[in-house]
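Student: I should like a close look at a single part of this chain, namely one sheet and what packs against it. Please describe that part in detail and then set it in the context of the chain.

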Amino acid sequence: MSAFVALPVAPAVPSQVTGVTSATVAAPHSAPAPSRGSAPGLAAAAVAVAAAGAVGARRSSRRGGFAGRARAVPLQRSRTLSDAKVVVCAGVTFPEGRKLRVAVVGGGPAGASAADALTQQGVETFLIERKMDNCKPCGGAIPLCMIDEFDLPKDIVDRQVRKMTMISPTNKEVQIGQTLKDDEYIGMVRREVLDDFLRQRAKKNGATLINGLFMGMTLPKNKDESYVLTYNDYEGEDGNARKGEKKTLEVDVVIGADGANSRVAKDIEAGDYEYAIAFQERMRIPEQKMDYYKDRAEMYVGEDVSPDFYAWVFPKCDHVAVGTGTVVDKKGIQKYQQGIRDRAATRIEGGDIIRVEAHPIPEHPRPWRVKDRAILVGDAAGYVTKCSGEGIYFAAKSGRMCAETIVKNSKQGARMIDEADLMEHLREWDGKYGPTYLVLDLLQKIFYTSDAARESFVELCEEEYVQKVTFDSYLYKTVQGNDPVGDLKLGWKTLSSLYKYKNQKTPDPMRTLA
(Lines give C-alpha, C1' and ligand atoms only; values in the text may rest on other atoms or scores of the structure.)
Protein backbone atom coordinates (compact mmCIF):
# COMPACT_ATOMS: atom_id res chain seq x y z
CA MET A 1 0.00 0.00 0.00
CA SER A 2 1.46 3.34 -1.07
CA ALA A 3 1.88 6.23 1.32
CA PHE A 4 3.49 9.65 1.33
CA VAL A 5 4.94 10.92 4.60
CA ALA A 6 7.21 13.97 4.61
CA LEU A 7 7.71 17.47 5.88
CA PRO A 8 5.23 20.09 4.71
CA VAL A 9 5.23 20.09 0.94
CA ALA A 10 7.27 22.73 -0.82
CA PRO A 11 6.29 24.03 -4.26
CA ALA A 12 6.76 21.52 -7.10
CA VAL A 13 10.40 21.23 -8.08
CA PRO A 14 10.95 21.16 -11.85
CA SER A 15 13.71 19.08 -13.45
CA GLN A 16 17.01 20.87 -13.22
CA VAL A 17 19.31 21.42 -16.19
CA THR A 18 22.36 23.31 -15.02
CA GLY A 19 25.84 24.04 -16.23
CA VAL A 20 28.83 22.70 -14.31
CA THR A 21 32.45 23.67 -14.41
CA SER A 22 34.18 20.58 -13.11
CA ALA A 23 35.49 18.13 -15.68
CA THR A 24 33.97 14.69 -15.94
CA VAL A 25 36.02 11.86 -17.46
CA ALA A 26 33.87 9.22 -19.14
CA ALA A 27 33.73 7.16 -22.30
CA PRO A 28 31.83 8.79 -25.17
CA HIS A 29 28.21 7.83 -25.63
CA SER A 30 27.76 5.83 -28.79
CA ALA A 31 24.79 6.17 -31.09
CA PRO A 32 22.51 3.13 -31.26
CA ALA A 33 23.97 0.08 -32.97
CA PRO A 34 22.83 -1.14 -36.38
CA SER A 35 19.72 -3.08 -35.67
CA ARG A 36 19.77 -4.43 -39.11
CA GLY A 37 16.14 -5.17 -39.79
CA SER A 38 17.20 -7.91 -42.15
CA ALA A 39 14.23 -9.83 -43.43
CA PRO A 40 16.01 -12.43 -45.59
CA GLY A 41 17.48 -14.30 -42.66
CA LEU A 42 14.00 -14.93 -41.36
CA ALA A 43 13.55 -17.61 -43.99
CA ALA A 44 15.22 -19.95 -41.54
CA ALA A 45 12.61 -19.21 -38.88
CA ALA A 46 10.02 -21.41 -40.57
CA VAL A 47 12.00 -24.55 -39.87
CA ALA A 48 11.19 -24.38 -36.17
CA VAL A 49 8.30 -21.98 -35.99
CA ALA A 50 6.07 -24.59 -34.41
CA ALA A 51 8.61 -25.01 -31.63
CA ALA A 52 8.55 -21.27 -31.03
CA GLY A 53 4.81 -21.37 -30.62
CA ALA A 54 4.99 -24.17 -28.09
CA VAL A 55 7.71 -22.46 -26.06
CA GLY A 56 5.84 -19.15 -26.25
CA ALA A 57 2.68 -20.74 -24.86
CA ARG A 58 4.57 -22.08 -21.87
CA ARG A 59 6.57 -18.89 -21.25
CA SER A 60 3.60 -16.54 -21.52
CA SER A 61 1.83 -18.31 -18.67
CA ARG A 62 4.57 -17.44 -16.20
CA ARG A 63 3.68 -14.29 -14.35
CA GLY A 64 4.65 -13.08 -10.94
CA GLY A 65 4.03 -10.16 -8.67
CA PHE A 66 6.01 -7.93 -6.38
CA ALA A 67 4.85 -6.49 -3.09
CA GLY A 68 6.06 -3.91 -0.60
CA ARG A 69 7.00 -1.21 -3.06
CA ALA A 70 6.73 1.72 -0.64
CA ARG A 71 8.36 2.49 2.67
CA ALA A 72 7.38 5.09 5.24
CA VAL A 73 9.56 8.12 5.93
CA PRO A 74 9.24 9.28 9.55
CA LEU A 75 8.00 12.82 10.04
CA GLN A 76 10.76 15.00 11.52
CA ARG A 77 8.81 17.60 13.48
CA SER A 78 11.93 19.20 14.95
CA ARG A 79 12.82 20.83 11.63
CA THR A 80 11.49 24.21 10.60
CA LEU A 81 9.56 25.00 7.47
CA SER A 82 12.68 26.46 5.88
CA ASP A 83 14.31 23.03 6.08
CA ALA A 84 11.35 21.29 4.45
CA LYS A 85 11.78 19.27 1.27
CA VAL A 86 9.84 16.65 -0.65
CA VAL A 87 10.87 13.08 0.14
CA VAL A 88 9.80 10.78 -2.68
CA CYS A 89 9.78 7.02 -2.20
CA ALA A 90 8.73 4.24 -4.54
CA GLY A 91 4.97 4.03 -4.74
CA VAL A 92 4.48 7.51 -3.29
CA THR A 93 2.24 9.98 -5.12
CA PHE A 94 3.97 13.18 -6.18
CA PRO A 95 2.70 16.56 -4.97
CA GLU A 96 0.53 18.51 -7.38
CA GLY A 97 2.52 19.90 -10.29
CA ARG A 98 5.32 17.35 -9.97
CA LYS A 99 5.58 14.55 -12.54
CA LEU A 100 7.84 11.51 -12.90
CA ARG A 101 11.02 12.59 -14.70
CA VAL A 102 12.53 10.15 -17.19
CA ALA A 103 15.74 10.54 -19.20
CA VAL A 104 16.01 8.44 -22.37
CA VAL A 105 19.62 8.13 -23.53
CA GLY A 106 19.85 7.40 -27.24
CA GLY A 107 17.55 8.63 -30.00
CA GLY A 108 17.23 5.58 -32.26
CA PRO A 109 14.00 3.58 -32.72
CA ALA A 110 14.11 2.28 -29.13
CA GLY A 111 14.76 5.61 -27.43
CA ALA A 112 12.52 7.73 -29.64
CA SER A 113 9.62 5.28 -29.33
CA ALA A 114 10.00 5.19 -25.56
CA ALA A 115 10.16 8.98 -25.30
CA ASP A 116 7.09 9.41 -27.50
CA ALA A 117 5.00 6.94 -25.50
CA LEU A 118 6.06 8.52 -22.19
CA THR A 119 5.47 12.14 -23.07
CA GLN A 120 2.05 11.46 -24.59
CA GLN A 121 0.91 10.13 -21.20
CA GLY A 122 2.10 13.06 -19.14
CA VAL A 123 5.54 11.84 -18.03
CA GLU A 124 8.22 14.55 -18.05
CA THR A 125 10.61 13.18 -20.67
CA PHE A 126 14.12 14.10 -21.82
CA LEU A 127 15.57 12.45 -24.97
CA ILE A 128 19.36 12.73 -25.35
CA GLU A 129 20.97 12.01 -28.74
CA ARG A 130 24.49 12.99 -29.69
CA LYS A 131 24.16 13.03 -33.49
CA MET A 132 20.84 14.01 -35.00
CA ASP A 133 21.81 13.17 -38.60
CA ASN A 134 23.62 9.91 -37.87
CA CYS A 135 23.50 7.32 -40.69
CA LYS A 136 23.44 3.91 -39.01
CA PRO A 137 25.07 0.96 -40.81
CA CYS A 138 21.80 -0.88 -41.11
CA GLY A 139 20.13 -3.09 -43.70
CA GLY A 140 16.99 -1.12 -42.97
CA ALA A 141 14.25 -3.74 -43.38
CA ILE A 142 11.07 -3.30 -41.37
CA PRO A 143 7.99 -5.58 -41.22
CA LEU A 144 4.69 -4.45 -42.69
CA CYS A 145 3.01 -4.43 -39.28
CA MET A 146 5.43 -1.76 -38.01
CA ILE A 147 4.08 0.84 -40.43
CA ASP A 148 0.57 0.71 -38.96
CA GLU A 149 1.58 -0.13 -35.39
CA PHE A 150 3.92 2.86 -35.14
CA ASP A 151 1.85 5.08 -37.43
CA LEU A 152 4.70 5.62 -39.90
CA PRO A 153 4.05 7.65 -43.05
CA LYS A 154 4.14 5.57 -46.22
CA ASP A 155 6.77 7.82 -47.82
CA ILE A 156 9.29 6.92 -45.14
CA VAL A 157 9.71 3.59 -46.96
CA ASP A 158 12.26 3.88 -49.79
CA ARG A 159 11.47 0.52 -51.39
CA GLN A 160 8.69 -2.02 -51.09
CA VAL A 161 10.44 -5.37 -51.41
CA ARG A 162 8.28 -8.17 -52.78
CA LYS A 163 11.05 -10.39 -54.14
CA MET A 164 13.75 -12.03 -52.06
CA THR A 165 16.59 -13.96 -53.62
CA MET A 166 18.47 -16.48 -51.49
CA ILE A 167 21.89 -17.36 -52.91
CA SER A 168 23.77 -20.45 -51.74
CA PRO A 169 27.55 -20.94 -51.46
CA THR A 170 27.55 -22.34 -55.04
CA ASN A 171 25.38 -19.45 -56.26
CA LYS A 172 22.21 -21.50 -56.46
CA GLU A 173 19.41 -18.93 -56.50
CA VAL A 174 16.02 -19.46 -54.88
CA GLN A 175 13.31 -16.86 -55.41
CA ILE A 176 11.04 -16.43 -52.42
CA GLY A 177 8.09 -14.14 -51.90
CA GLN A 178 5.68 -16.07 -54.10
CA THR A 179 3.15 -16.31 -51.27
CA LEU A 180 2.96 -12.56 -50.68
CA LYS A 181 -0.36 -10.87 -51.36
CA ASP A 182 -0.56 -7.81 -53.59
CA ASP A 183 -0.61 -5.41 -50.65
CA GLU A 184 2.17 -7.14 -48.67
CA TYR A 185 5.81 -6.15 -48.74
CA ILE A 186 8.94 -5.66 -46.65
CA GLY A 187 9.77 -1.99 -46.16
CA MET A 188 13.28 -0.71 -46.77
CA VAL A 189 14.19 2.48 -44.92
CA ARG A 190 17.22 4.63 -44.25
CA ARG A 191 17.91 4.88 -40.55
CA GLU A 192 18.78 8.57 -40.72
CA VAL A 193 15.27 9.21 -42.09
CA LEU A 194 13.35 6.84 -39.80
CA ASP A 195 15.17 7.88 -36.63
CA ASP A 196 14.71 11.59 -37.30
CA PHE A 197 11.00 11.13 -37.88
CA LEU A 198 10.55 9.25 -34.60
CA ARG A 199 12.59 11.82 -32.63
CA GLN A 200 10.77 14.81 -34.09
CA ARG A 201 7.42 13.22 -33.36
CA ALA A 202 8.42 12.68 -29.73
CA LYS A 203 9.53 16.31 -29.53
CA LYS A 204 6.27 17.53 -31.10
CA ASN A 205 4.32 15.54 -28.52
CA GLY A 206 6.15 17.18 -25.63
CA ALA A 207 9.51 15.47 -25.05
CA THR A 208 12.54 17.70 -24.45
CA LEU A 209 15.04 16.79 -27.19
CA ILE A 210 18.66 17.35 -26.17
CA ASN A 211 21.42 17.27 -28.77
CA GLY A 212 24.23 16.16 -26.51
CA LEU A 213 26.83 13.54 -25.66
CA PHE A 214 25.95 11.49 -22.58
CA MET A 215 29.08 11.22 -20.42
CA GLY A 216 27.84 9.24 -17.45
CA MET A 217 25.62 9.45 -14.40
CA THR A 218 25.74 9.44 -10.65
CA LEU A 219 23.57 6.66 -9.26
CA PRO A 220 21.26 7.39 -6.34
CA LYS A 221 22.57 6.11 -3.00
CA ASN A 222 19.07 5.52 -1.69
CA LYS A 223 15.51 5.33 -2.99
CA ASP A 224 14.89 8.99 -2.21
CA GLU A 225 17.61 10.39 -4.49
CA SER A 226 17.62 11.30 -8.16
CA TYR A 227 19.92 10.13 -10.94
CA VAL A 228 22.26 12.92 -12.00
CA LEU A 229 23.25 12.67 -15.66
CA THR A 230 26.23 14.53 -17.09
CA TYR A 231 26.31 15.41 -20.77
CA ASN A 232 27.95 17.78 -23.24
CA ASP A 233 25.25 19.99 -24.74
CA TYR A 234 25.89 20.47 -28.48
CA GLU A 235 23.02 22.87 -29.06
CA GLY A 236 24.03 25.44 -31.68
CA GLU A 237 27.32 23.70 -32.57
CA ASP A 238 28.09 21.97 -35.88
CA GLY A 239 30.79 19.65 -37.19
CA ASN A 240 32.71 16.72 -35.76
CA ALA A 241 34.92 18.92 -33.59
CA ARG A 242 32.06 19.93 -31.31
CA LYS A 243 33.00 20.22 -27.65
CA GLY A 244 29.72 21.30 -26.15
CA GLU A 245 28.84 22.79 -22.80
CA LYS A 246 28.96 20.44 -19.86
CA LYS A 247 25.59 20.20 -18.10
CA THR A 248 23.76 18.00 -15.64
CA LEU A 249 20.21 16.68 -15.52
CA GLU A 250 18.35 15.27 -12.52
CA VAL A 251 15.72 12.58 -13.18
CA ASP A 252 13.88 9.78 -11.41
CA VAL A 253 14.23 7.06 -14.07
CA VAL A 254 16.79 6.34 -16.80
CA ILE A 255 16.15 4.35 -19.98
CA GLY A 256 19.35 3.27 -21.73
CA ALA A 257 18.70 3.11 -25.48
CA ASP A 258 22.26 3.98 -26.45
CA GLY A 259 23.19 0.94 -28.54
CA ALA A 260 25.63 -1.92 -28.31
CA ASN A 261 28.32 0.26 -26.71
CA SER A 262 25.84 1.53 -24.12
CA ARG A 263 27.33 3.88 -21.56
CA VAL A 264 24.22 3.47 -19.42
CA ALA A 265 24.82 -0.30 -19.36
CA LYS A 266 28.37 0.30 -18.12
CA ASP A 267 27.20 2.67 -15.41
CA ILE A 268 24.67 0.18 -14.02
CA GLU A 269 27.12 -2.74 -14.45
CA ALA A 270 24.78 -4.66 -16.76
CA GLY A 271 27.56 -6.98 -17.91
CA ASP A 272 29.06 -7.72 -21.31
CA TYR A 273 27.75 -9.76 -24.22
CA GLU A 274 29.09 -11.28 -27.42
CA TYR A 275 28.69 -9.09 -30.46
CA ALA A 276 29.04 -9.24 -34.21
CA ILE A 277 30.70 -6.68 -36.45
CA ALA A 278 28.55 -5.44 -39.32
CA PHE A 279 30.24 -3.77 -42.27
CA GLN A 280 28.31 -2.08 -45.04
CA GLU A 281 29.05 -0.01 -48.14
CA ARG A 282 26.40 2.13 -49.77
CA MET A 283 26.85 2.01 -53.53
CA ARG A 284 25.27 4.03 -56.30
CA ILE A 285 25.06 1.59 -59.21
CA PRO A 286 24.11 2.20 -62.87
CA GLU A 287 20.42 2.87 -63.46
CA GLN A 288 19.77 -0.33 -65.40
CA LYS A 289 21.28 -2.38 -62.58
CA MET A 290 19.34 -0.40 -59.99
CA ASP A 291 16.16 -1.32 -61.83
CA TYR A 292 16.82 -4.99 -60.95
CA TYR A 293 16.78 -4.07 -57.25
CA LYS A 294 13.73 -1.77 -57.33
CA ASP A 295 11.63 -4.34 -55.42
CA ARG A 296 14.22 -7.03 -54.68
CA ALA A 297 16.66 -7.81 -51.86
CA GLU A 298 19.37 -10.46 -51.88
CA MET A 299 20.92 -12.61 -49.19
CA TYR A 300 24.19 -14.49 -49.78
CA VAL A 301 25.54 -17.30 -47.60
CA GLY A 302 28.92 -19.04 -47.72
CA GLU A 303 32.30 -19.16 -46.00
CA ASP A 304 33.59 -16.57 -48.46
CA VAL A 305 31.09 -13.91 -47.32
CA SER A 306 30.74 -14.82 -43.61
CA PRO A 307 31.75 -17.80 -41.47
CA ASP A 308 28.68 -17.52 -39.23
CA PHE A 309 26.22 -15.03 -40.67
CA TYR A 310 25.24 -13.82 -44.13
CA ALA A 311 25.90 -11.02 -46.60
CA TRP A 312 23.30 -8.83 -48.26
CA VAL A 313 22.43 -6.45 -51.06
CA PHE A 314 19.46 -4.32 -50.01
CA PRO A 315 17.86 -1.55 -52.10
CA LYS A 316 17.59 2.03 -50.84
CA CYS A 317 16.04 5.12 -52.44
CA ASP A 318 18.72 5.67 -55.11
CA HIS A 319 21.44 3.20 -54.16
CA VAL A 320 22.05 -0.25 -52.66
CA ALA A 321 23.54 -1.31 -49.35
CA VAL A 322 26.12 -4.08 -49.69
CA GLY A 323 27.37 -5.63 -46.47
CA THR A 324 28.18 -8.56 -44.25
CA GLY A 325 28.70 -9.46 -40.60
CA THR A 326 30.52 -11.92 -38.38
CA VAL A 327 30.99 -12.85 -34.73
CA VAL A 328 33.80 -15.40 -34.83
CA ASP A 329 36.22 -13.54 -37.12
CA LYS A 330 35.81 -9.82 -36.53
CA LYS A 331 39.34 -9.06 -37.75
CA GLY A 332 38.50 -10.68 -41.07
CA ILE A 333 35.52 -8.44 -41.82
CA GLN A 334 37.29 -6.72 -44.73
CA LYS A 335 37.96 -10.10 -46.30
CA TYR A 336 34.30 -11.04 -46.12
CA GLN A 337 33.24 -7.66 -47.50
CA GLN A 338 35.48 -8.33 -50.48
CA GLY A 339 33.79 -11.70 -50.72
CA ILE A 340 30.33 -10.20 -51.14
CA ARG A 341 31.68 -7.66 -53.62
CA ASP A 342 33.07 -10.54 -55.69
CA ARG A 343 29.95 -12.71 -55.42
CA ALA A 344 27.62 -9.87 -56.43
CA ALA A 345 30.06 -8.35 -58.94
CA THR A 346 27.92 -8.84 -62.06
CA ARG A 347 25.00 -7.03 -60.40
CA ILE A 348 26.80 -4.11 -58.76
CA GLU A 349 29.54 -3.62 -61.37
CA GLY A 350 30.20 0.02 -62.11
CA GLY A 351 28.93 1.13 -58.71
CA ASP A 352 30.51 3.99 -56.77
CA ILE A 353 30.89 3.72 -53.01
CA ILE A 354 29.21 6.74 -51.42
CA ARG A 355 29.47 5.75 -47.76
CA VAL A 356 31.23 3.11 -45.64
CA GLU A 357 29.70 2.08 -42.30
CA ALA A 358 30.60 -0.36 -39.53
CA HIS A 359 29.26 -1.04 -36.05
CA PRO A 360 28.86 -3.80 -33.44
CA ILE A 361 25.62 -5.78 -33.19
CA PRO A 362 24.66 -7.56 -29.94
CA GLU A 363 24.28 -11.33 -30.17
CA HIS A 364 22.23 -11.96 -27.03
CA PRO A 365 20.66 -10.03 -24.13
CA ARG A 366 22.91 -8.62 -21.43
CA PRO A 367 23.17 -10.51 -18.12
CA TRP A 368 21.35 -7.65 -16.34
CA ARG A 369 18.91 -5.27 -17.98
CA VAL A 370 17.46 -3.53 -14.92
CA LYS A 371 19.05 -1.99 -11.86
CA ASP A 372 16.97 0.06 -9.45
CA ARG A 373 15.23 2.67 -11.61
CA ALA A 374 17.44 2.27 -14.71
CA ILE A 375 16.56 -0.10 -17.55
CA LEU A 376 17.98 -1.01 -20.97
CA VAL A 377 16.04 -1.37 -24.23
CA GLY A 378 16.85 -2.06 -27.88
CA ASP A 379 20.44 -2.87 -28.81
CA ALA A 380 21.62 -1.70 -25.38
CA ALA A 381 19.65 -4.60 -23.89
CA GLY A 382 20.75 -7.00 -26.65
CA TYR A 383 17.46 -7.31 -28.56
CA VAL A 384 18.76 -8.33 -31.99
CA THR A 385 17.71 -11.72 -33.33
CA LYS A 386 20.20 -14.41 -34.23
CA CYS A 387 20.10 -15.89 -37.72
CA SER A 388 18.28 -12.88 -39.20
CA GLY A 389 19.96 -9.96 -37.44
CA GLU A 390 16.64 -8.14 -37.19
CA GLY A 391 16.57 -5.32 -34.68
CA ILE A 392 14.65 -2.21 -35.82
CA TYR A 393 11.18 -3.49 -34.97
CA PHE A 394 12.28 -5.14 -31.72
CA ALA A 395 14.11 -1.96 -30.66
CA ALA A 396 11.06 0.25 -31.23
CA LYS A 397 8.75 -2.33 -29.64
CA SER A 398 10.91 -2.74 -26.54
CA GLY A 399 11.10 1.03 -26.08
CA ARG A 400 7.35 1.42 -26.37
CA MET A 401 6.54 -1.57 -24.13
CA CYS A 402 8.95 -0.30 -21.47
CA ALA A 403 7.38 3.15 -21.59
CA GLU A 404 3.87 1.71 -21.34
CA THR A 405 4.85 -0.21 -18.22
CA ILE A 406 6.31 2.94 -16.66
CA VAL A 407 3.19 4.93 -17.53
CA LYS A 408 0.91 2.29 -16.04
CA ASN A 409 2.85 1.73 -12.82
CA SER A 410 3.46 5.45 -12.25
CA LYS A 411 -0.22 6.23 -12.93
CA GLN A 412 0.63 8.51 -15.86
CA GLY A 413 3.64 9.97 -14.06
CA ALA A 414 1.83 10.76 -10.82
CA ARG A 415 3.84 8.41 -8.56
CA MET A 416 7.37 7.10 -8.14
CA ILE A 417 8.29 3.65 -9.47
CA ASP A 418 10.97 1.16 -8.44
CA GLU A 419 12.87 -1.85 -9.77
CA ALA A 420 9.90 -4.16 -9.28
CA ASP A 421 7.86 -2.00 -11.65
CA LEU A 422 10.54 -2.21 -14.33
CA MET A 423 10.95 -5.95 -13.84
CA GLU A 424 7.33 -6.29 -14.86
CA HIS A 425 8.32 -5.08 -18.33
CA LEU A 426 11.11 -7.66 -18.57
CA ARG A 427 8.74 -10.49 -17.70
CA GLU A 428 6.30 -9.32 -20.34
CA TRP A 429 9.04 -8.92 -22.97
CA ASP A 430 10.69 -12.27 -22.31
CA GLY A 431 7.35 -14.05 -22.32
CA LYS A 432 6.33 -12.52 -25.63
CA TYR A 433 9.57 -12.64 -27.61
CA GLY A 434 11.92 -14.97 -25.72
CA PRO A 435 10.92 -18.03 -27.77
CA THR A 436 11.66 -16.21 -31.04
CA TYR A 437 15.22 -15.44 -29.92
CA LEU A 438 15.80 -18.99 -28.71
CA VAL A 439 14.59 -20.61 -31.93
CA LEU A 440 16.55 -18.29 -34.22
CA ASP A 441 19.66 -18.90 -32.11
CA LEU A 442 19.20 -22.63 -32.64
CA LEU A 443 18.68 -22.23 -36.37
CA GLN A 444 21.84 -20.16 -36.73
CA LYS A 445 23.82 -22.91 -35.04
CA ILE A 446 22.32 -25.50 -37.40
CA PHE A 447 22.46 -23.74 -40.76
CA TYR A 448 25.35 -21.25 -40.53
CA THR A 449 28.11 -23.65 -39.52
CA SER A 450 29.24 -25.13 -42.88
CA ASP A 451 28.67 -24.63 -46.58
CA ALA A 452 26.89 -27.99 -46.72
CA ALA A 453 24.37 -26.78 -44.12
CA ARG A 454 23.99 -23.49 -45.98
CA GLU A 455 23.20 -25.32 -49.23
CA SER A 456 20.54 -27.25 -47.34
CA PHE A 457 19.15 -24.01 -45.91
CA VAL A 458 18.75 -22.43 -49.34
CA GLU A 459 17.16 -25.60 -50.71
CA LEU A 460 14.57 -25.56 -47.92
CA CYS A 461 13.63 -22.02 -48.91
CA GLU A 462 12.18 -23.41 -52.14
CA GLU A 463 9.36 -25.00 -50.14
CA GLU A 464 6.14 -23.00 -50.45
CA TYR A 465 5.22 -23.86 -46.86
CA VAL A 466 8.52 -22.39 -45.65
CA GLN A 467 7.94 -19.21 -47.62
CA LYS A 468 4.39 -18.73 -46.38
CA VAL A 469 5.17 -19.34 -42.72
CA THR A 470 8.32 -17.22 -42.91
CA PHE A 471 6.76 -14.16 -44.45
CA ASP A 472 3.58 -14.33 -42.37
CA SER A 473 5.63 -14.62 -39.18
CA TYR A 474 7.97 -11.80 -40.19
CA LEU A 475 5.43 -9.34 -41.59
CA TYR A 476 2.99 -9.57 -38.69
CA LYS A 477 5.26 -10.65 -35.80
CA THR A 478 2.99 -13.51 -34.82
CA VAL A 479 3.98 -17.17 -34.79
CA GLN A 480 2.37 -18.74 -37.83
CA GLY A 481 1.98 -22.34 -38.87
CA ASN A 482 0.16 -24.72 -36.51
CA ASP A 483 -0.20 -27.19 -39.37
CA PRO A 484 0.96 -30.50 -37.84
CA VAL A 485 1.17 -32.24 -41.21
CA GLY A 486 3.09 -29.38 -42.79
CA ASP A 487 5.44 -29.16 -39.79
CA LEU A 488 6.17 -32.90 -39.91
CA LYS A 489 6.87 -32.78 -43.64
CA LEU A 490 9.16 -29.80 -43.14
CA GLY A 491 11.00 -31.53 -40.31
CA TRP A 492 11.62 -34.60 -42.46
CA LYS A 493 12.69 -32.44 -45.40
CA THR A 494 15.14 -30.58 -43.17
CA LEU A 495 16.78 -33.75 -41.85
CA SER A 496 17.04 -35.38 -45.26
CA SER A 497 18.43 -32.22 -46.85
CA LEU A 498 21.08 -31.80 -44.13
CA TYR A 499 22.07 -35.45 -44.50
CA LYS A 500 22.30 -35.19 -48.28
CA TYR A 501 24.62 -32.20 -48.35
CA LYS A 502 26.72 -33.34 -45.39
CA ASN A 503 27.46 -36.66 -47.09
CA GLN A 504 27.82 -35.34 -50.61
CA LYS A 505 31.09 -36.62 -52.01
CA THR A 506 31.33 -34.16 -54.88
CA PRO A 507 30.15 -30.60 -54.17
CA ASP A 508 27.93 -28.89 -56.69
CA PRO A 509 29.83 -26.77 -59.23
CA MET A 510 30.01 -23.01 -58.73
CA ARG A 511 27.35 -21.23 -60.76
CA THR A 512 27.68 -17.85 -62.46
CA LEU A 513 25.14 -15.22 -61.51
CA ALA A 514 23.25 -13.62 -64.38
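Tutor: In this predicted model, helix α7 (residues 333-343) lies across β6 (163-167), β13 (275-284), β14, β15 and β16 (320-326). With respect to β16, helix α7 runs at about 135°.

The strands that α7 crosses belong to an open sheet of 7 strands, ordered β7-β6-β14-β15-β16-β13-β17, with mixed pairing. Its edges are formed by β7 (173-176) and β17 (352-362), each of which pairs on one side only. On average, neighbouring strands of this sheet are turned by 20° against each other, direction ignored. In general, the strands of a sheet pair through backbone hydrogen bonds, in either a parallel or an antiparallel manner.

One pairing within the sheet may be followed to the residue level. Strand β14 (residues 296-300) and strand β15 (residues 311-315) run antiparallel and are joined by 3 bridges. Here M299 stands opposite W312 in β15.

As for the wider context, the chain contains 14 helices and 19 strands. Of its 514 residues, 57% count as buried. Among contacts between residues at least 6 apart in sequence, 77% join residues at least 24 apart. The accessible surface of the chain comes to about 21700 Å², and carbon and sulfur atoms account for 52% of that area.

A separate site outside these strands is D252, in the loop between β11 (245-251) and β12 (253-256). D252 counts as buried because its relative accessibility is 2%, under the 20% limit. The side chain of D252 reaches the backbone nitrogen of R101 at 2.8 Å. Residues that D252 touches include F94, R98, Y227, R373 and M416.

Conventions
Residues numbered from 1 in each chain as written. Predicted model: local features only at pLDDT ≥ 70, side-chain atom pairs only at ≥ 80, totals over all residues. Heavy atoms only, no water. Helix = DSSP H or I, 4+ residues; strand = E, 2+ residues; numbered from the N terminus. Buried < 20%, exposed > 50% of the residue type's maximum accessible area, 1.4 Å probe, protein only. Contact = heavy atoms within 4.5 Å. Areas by Shrake-Rupley, 256 points an atom, 1.4 Å probe, with all protein chains shown as cover. Polar contact = N/O pair within 3.5 Å; in protein donor to acceptor, adjacent residues only side chain to side chain. Pairing = 2+ DSSP bridges. Axes fitted to C-alpha atoms, helices over the stretch in contact; angles between N-to-C directions. Lists of a residue's contacts leave out its neighbours within four places in sequence.
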